[in-house]
Amino acid sequence: MSLIIGRDPEKQLLAEILTSRKAELLAVYGRRRVGKTFLIRTFYAKNLAFEFTGIHNAGFTEQLDNFSKAMRSAAKTRFDRPASWSAAFDILETYLTPLLKQNKQVIFFDEFPWIHTPRSNFLQAFAHF
Ligand SMILES: Nc1ncnc2c1ncn2[C@@H]1O[C@H](COP(=O)(O)OP(=O)(O)OP(=O)(O)O)[C@@H](O)[C@H]1O
Ligand SMILES: [Mg+2]
């Protein structure tokens, strides 16, 4: 694991989230290059069940294609591009269900604001998930 310099209060919070007995949603925000991605990836290196990064200025199809790639890499099986975000979250849920019977799992959506594109219904599907 790379060394996380400083960030002690943030690390404490990340540790509490991991051991809490309920599902948690954490939003990390801050200036560019301050270490948001590094902190999550490094701290949760052993707990990340799924990681997906929104693409800057890309449309619905490209974001969903990228989601399928992330699913393939996490689950090590083939996934075709889902037709909708709702279908994408169904796939994610099916993948996570057996893992959640063992342990708490961390899923990481990086560059979150880019994932939602007009009429994509990403936010609705995410909220439902
Ligand atoms: N706490 C830290 N300890 C050690 N290195 C760090 C730390 N925070 C950031 N870095 C270094 O700074 C680099 C840039 O951080 P990172 O890419 O995580 O920033 P970011 O906030 O996600 O940026 P962006 O807004 O562009 O996505 C990291 O790859 C890492 O090398
Ligand atoms: Mg980042």
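This passage looks at one helix and three single residues in a predicted model.

We can start with helix α2, which covers residues 36–43. Leu-39, Ile-40 and Thr-42 are buried in this helix. As for what these buried residues sit against, they pack on two other elements, α1 and β2, the latter being residues 106–110.

Next comes the stretch between α5 (112–115) and α6 (122–128), a loop that holds Thr-117. Being in a loop doesn't put this threonine out in the open here: Thr-117 has a relative accessible area of 8%. It counts as buried, because that value falls under the 20% cut-off. Looking past its neighbours within four places in sequence, Thr-117 is in contact with Ala-58, Gly-59, Phe-60 and Gln-63.

Arg-119 belongs to the loop between α5 and α6 too, but its surroundings are another story. Its relative accessible area comes to 79%, and Arg-119 is exposed because this is over 50%. So the loop between α5 and α6 has a buried residue in Thr-117 and an exposed one in Arg-119.

The backbone of Arg-119 also deserves a look. Most residues other than glycine have a negative phi. Arg-119, though, is not a glycine and has a positive phi, near 60 degrees. Arg-7 shows a positive phi as well, again near 60 degrees. This second arginine lies in the segment before α1, the helix that runs over residues 8–19. With a relative accessible area of 36%, Arg-7 is partly exposed, because that figure lies between the 20% and 50% limits.

Terms used. Residues numbered from 1 in each chain as written. Chains lettered and ligands numbered in written order. Predicted model: local features only at pLDDT ≥ 70, side-chain atom pairs only at ≥ 80, totals over all residues. Heavy atoms only, no water. Helix = DSSP H or I, 4+ residues; strand = E, 2+ residues; numbered from the N terminus. Buried < 20%, exposed > 50% of the residue type's maximum accessible area, 1.4 Å probe, protein only. Contact = heavy atoms within 4.5 Å.
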